Amino acid sequence: MLHMREPRKNEKHLHFRRRLGNGAQLVLVGVLTGAFAGVLVTLYTVLASMAEEFSRGYYGFFRDNPAFVPLLFLALALGAVIAGGIVRFLPYIRGSGIPQTEGSMRGLMRFSWYRSLTGMFAASLLCIFLGLSAGSEGPSILIGGSAGAGTSETLRRSALIRRYQVTGGACAGLAVAFNAPLTGIAFALEEGQKRFTPEVFVSSFVSVAAAVIVRNVLYAGFRLPVGAYFTTFSFAQADMLAPMFYVYVVFAAVLVALAGVAFYYALFAAKKLFAGIRFWKGVGKFLIPFLLAGAAGLVTANVMGGGHAFIASLGSGASGVERVFSSPLWATLLIVFFLKFCVTVFNMGAGVPCGAFIPMLAIGAGAGALVSLLTARMGMPAAYADALIVICMAVFFTTLVRAPVTGVLLTVELTWNFAFLLPALIGVAAGYLIGDVFRLKPVYDRLLEDMLAEGGVGKTRPFAAEYAVTAHSPAAGRTLRDVLLPADVRITRVRRGEKLFIPDGNTALLAGDTVLAEGDLEENSDAPVQLAEILGAPKDAQKSAKP
């Protein structure tokens, strides 16, 4: 028999919560979360931009002075050891940070917010400084989520409020990194929680709004541009309603989605490969992606960093793309696509603490640029090239992440242009269908599952307990689909007076109902505490566990 831990709240906090109300709590704490995340992520993204620009400068020096190249690889090897050592002691910062943040949102894992925040902040900046294919957007999500967890813990909020604030902080981090508030909110609903509840919407909306305001104020203070990222793309000369253009869009979407499928399988093959490397207690495996990134960076600067500069150079006919060895445009694009593909796969496969969000978009944009050259040979007017590149960027992202709304909104906000919205929806739908055909799980969900299987989750035991829904609980008067239950817990039975029935998503819970909650939980899980906060008092002081 497993004994249930009672929620730890003193009378003062209980009185405050009852007087203030759950909705007001979410708004007030969400504003603090957004402000905190806004300051941290803004500072982080500014430093990341400076580090990327500096790395481009000294890589240029090594290209012009090959005799000093061994010093670069020595620095990369040292950086690999430092980053690997940090990850060894702070395993929750490995990778882009998005899977573990989603795990915290869903109640599947919990980690020290200040250690994760500072560790990811430092380690990912080191990777960007050393010229890896590393973006700031993934780490920004972890930093923002950690800020949300820190805010809720500092204010001694409940476990449920903590999950809401991790969600809000993570979305705020993404919104600040891209200056894309709608994308941040969509990320919470579509990718983070994978459900819509009023509380999830309120916490994400408030946190994103506060964070973006803070970001814009700080950018104005730093005298930095606040506008959209990719203003180099132009759609004014293209008729987005021309039927033939939709044929090109579907053709391009299928090809780029197949490239996304190849990326997916290559990534998990690389993970399997790196899992078998135990050199220096696992730290040695970081040498491979670091040294490979150095070699790729010497070939072309387009592979370095997240890929903002490369994507922007593809606008208006890709005339701004830096040529590789004076090769023709198609050869340059092919080289950049191949190298960016490989170094990003190796980074993610090894668990290097650096973002892969914008690198995946850059790979999709590069694939789109190649396909646009092909479709131009097939007769597509040059005016459509920019739209096709942006659509392919969304298609590649959607094929891997399986979040079509987020993908479309992101490309709209990055270009701040709605002209290509309808063809983008069609292209994304085609890419999503290709992912279904190959039975791809969302890449971040798959990475989270692997992370949990590697030791993030202990042994589980069946759990079952009855709770009495109280009048002032968050669940009272709500349908089950609008109640954010702990992960892996479901309501399987409701007793209302003399009536006993099996509920569905449309069942409204009423004060006085007795509900049976079941699931498979870790022995140290705080799900019983969350259930008591969401539903009300347990029917007895124990939770039963089947042997």
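Here are a few notes on aromatic contacts, charges over rings and internal cavities in this predicted model.

1. Aromatic pairs overall. Searching the whole structure turns up 25 aromatic pairs. One worth pulling up in your viewer is Tyr-58 with Phe-62: the ring centres sit 6.3 Å apart and the planes meet at 90°, so this one is edge-to-face.

2. Where that pair sits. Both Tyr-58 and Phe-62 belong to helix H2, which covers residues 22-64. They are four residues apart, or about one turn of the helix. Tyr-58 has a relative accessible area of 17% and is buried, because the cut-off is under 20%. Phe-62 counts as buried too, at 12% relative accessibility.

3. The wider cluster. Tyr-58 and Phe-62 are part of one aromatic cluster, together with Phe-54, Tyr-59, Phe-61, Phe-68 and Phe-129.

4. Charges over rings. Two spots to look at here. Arg-88 lies over the face of Phe-89, 5.5 Å from the ring centre. Lys-499 does likewise with Phe-501, at 5.3 Å from the ring centre.

5. Cavities. How many cavities of 30 Å³ or more are there? The count is two, and the largest cavity has a volume of about 50 Å³.

6. Lining of the largest cavity. The residues around the largest cavity split into seven nonpolar and three charged, with no polar ones. The charged ones are Glu-199, Arg-478 and Asp-482. Leu-160, Tyr-164, Pro-474, Ala-475, Val-483, Leu-484 and Ile-534 make up the nonpolar part.

Technical notes
Residues are numbered from 1 along each chain as its sequence is written. This is a predicted model: local features need pLDDT of at least 70, side-chain atom pairs count only at pLDDT 80 or more; totals for chains, interfaces and linings use all residues. Side-chain values use heavy atoms; hydrogens and water are left out. Rings of Phe, Tyr and Trp (its six-membered ring) pair if their centres lie within 6.5 Å; planes under 30 degrees apart count as stacked, over 60 as edge-to-face and the rest as tilted. Helices (H or I, at least four residues) and strands (E, at least two) are DSSP runs, numbered from the N terminus. Buried means under 20% relative accessible area, exposed over 50%, partly exposed in between (1.4 Å probe, protein chains only). A charge sits over a ring if NZ of Lys or CZ of Arg is within 6 Å of the ring centre and within 35 degrees of the ring normal. On a 1 Å grid over the protein atoms alone, a cavity is a set of points where a 1.4 Å probe fits but cannot get out, and a pocket is an open set with protein on both sides within 12 Å along at least five of seven lines; lining residues have an atom within 4 Å of a point. Grid points are joined across faces, edges and corners, and a volume is the space filled by probe spheres set on the points.
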